Amino acid sequence: MTRFVPRYLDPASRLGEILFGLIMVLTVTLTAGLTVAEGKPGVRQLLLAAIGCNLAWGIIDAVMYIMNCITVRSGKVRLVEAVQQSSDEQTALTLIQNEIEPELQELLDSEDAEALSRSVLEHISHAQITKKTLTKDDLWSAFACFWLVFVSCLPAAVPFFIFSRPHFALRFSNFLLIALLFLVGQKWAQYAGSNRLATGLAMVVMGLVLVGVAILLGG
């Protein structure tokens, strides 16, 4: 799995999936802890909440990934069709320029941006359109989303297997989740080229603020 997930998800996607999963599990377990029973029934309740949240969020993320794939691929097909049906070259170039990432165009001067657009036009003007909404790689990537969220949030469930006091187990679980938020922030800093300690702490603060907002709004 250490090779499987990176094959289908880029670093930003992997870290984003883990971050959202950790925030959701923190929100659910903290909310469940407000009304938890004492003793083993309470521990069981929190365990089911943690594992259930892992499963639910993993499935939701996988479904959303598939929906995004369908939307993006359909948009590309519509672009190719629109370019091929354009009445003149300038209209086709305008369509292409509107779809090329602005961040990429900012890196180029006007002549290079024009050359890029013409190169894309030449490539797709006679391209054969394959109207395939989903591929096998899309499904594997969706499974990678599910697996990453589920596994990365499993440490939150471990204290409920070990401790018999629900509130103590909940505090230990929350400590583990906060530590994971810090580690995600440090990993994010590695890719962003920022200070690891500052980014790790910022990620913890941001995660806790988002959890607080979710709880306050009834999440």
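Helix axes are lines fitted to C-alpha atoms over the stretch in contact, and the angles between them run from 0 to 180 degrees between N-to-C directions. With that convention in hand, the reader can follow how the helices of this predicted model are set against one another.

The overall fold comes first. The secondary structure of the protein chain amounts to 10 helices and 0 strands, and reading along the sequence gives the pattern α-α-α-α-α-α-α-α-α-α. Of the 219 residues in the protein chain, 35% count as buried, while the accessible surface comes to about 13,100 Å², with 64% of that surface belonging to carbon and sulfur atoms. When contacts between residues at least 6 apart in sequence are considered, 72% of them join residues at least 24 apart.

Two helix pairs deserve a closer look. Two packed helices are described by the angle between their axes and the distance between the axes. Helix α3, which spans residues 39-84, and helix α7, which spans residues 136-153, have axes that come within 8 Å and cross at roughly 155 degrees. Since angles over 145 degrees count as roughly antiparallel, α3 and α7 are therefore roughly antiparallel to each other. The crossing of α3 and α7 is right-handed. On the α3 side, the contact is made by Asn54, Leu55, Trp57, Gly58, Ile59, Asp61, Ala62, Tyr65, Ile66, Cys69 and Arg73, and on the α7 side by Asp138, Leu139, Ser141, Ala142, Cys145, Phe146, Val149, Phe150 and Cys153. Sorted by chemical character, the residues of this contact of α3 with α7 divide into 14 nonpolar, 3 polar and 3 charged.

One of the α3 residues in that contact, Cys69, can be followed individually. Cys69 is buried, because its relative accessible area is 11% and the cut-off for a buried residue is under 20%. Leaving aside neighbours within four places in sequence, Cys69 is in contact with Thr133, Leu134 and Asp138, and Asp138 is also among the α7 residues that make the contact with α3. The C-alpha atoms of Cys69 and Thr135 are separated by 9.1 Å, although the two residues lie 66 residues apart along the chain.

Helix α3 also packs against helix α4, which covers residues 89-99; the axes of α3 and α4 come within 8 Å and cross at roughly 160 degrees. By the reasoning already used for α7, α3 and α4 are therefore roughly antiparallel to each other. Here, however, α3 passes α4 in a left-handed crossing. The contact is made by Leu79, Ala82 and Val83 of α3 together with Ala92, Leu95, Ile96 and Glu99 of α4. The residues of this contact of α3 with α4 divide into 6 nonpolar, no polar and 1 charged.

Two residues from other helices complete the tour. Asn174 has its place in helix α9, residues 166-192, and Asn174 is buried, with a relative accessible area of 11%. Residues up to four places away in sequence not being counted, Asn174 touches Leu26, Thr29 and Leu30. Met206, by contrast, lies in helix α10, residues 196-216, and is partly exposed, with a relative accessible area of 37%. The C-alpha atoms of Met206 and Leu181 are separated by 9.3 Å, with these positions 25 residues apart along the chain when counted as their separation in sequence.

Methods
Residues numbered from 1 in each chain as written. Predicted model: local features only at pLDDT ≥ 70, side-chain atom pairs only at ≥ 80, totals over all residues. Heavy atoms only, no water. Helix = DSSP H or I, 4+ residues; strand = E, 2+ residues; numbered from the N terminus. Parallel < 35°, antiparallel > 145°, perpendicular 65-115°, else oblique. Left-handed = near helix turned anticlockwise from the far one by under 90°. Contact = heavy atoms within 4.5 Å. Nonpolar A, V, L, I, M, F, W, Y, C, P; charged D, E, K, R; others polar. Buried < 20%, exposed > 50% of the residue type's maximum accessible area, 1.4 Å probe, protein only. Areas by Shrake-Rupley, 256 points an atom, 1.4 Å probe, with all protein chains shown as cover.
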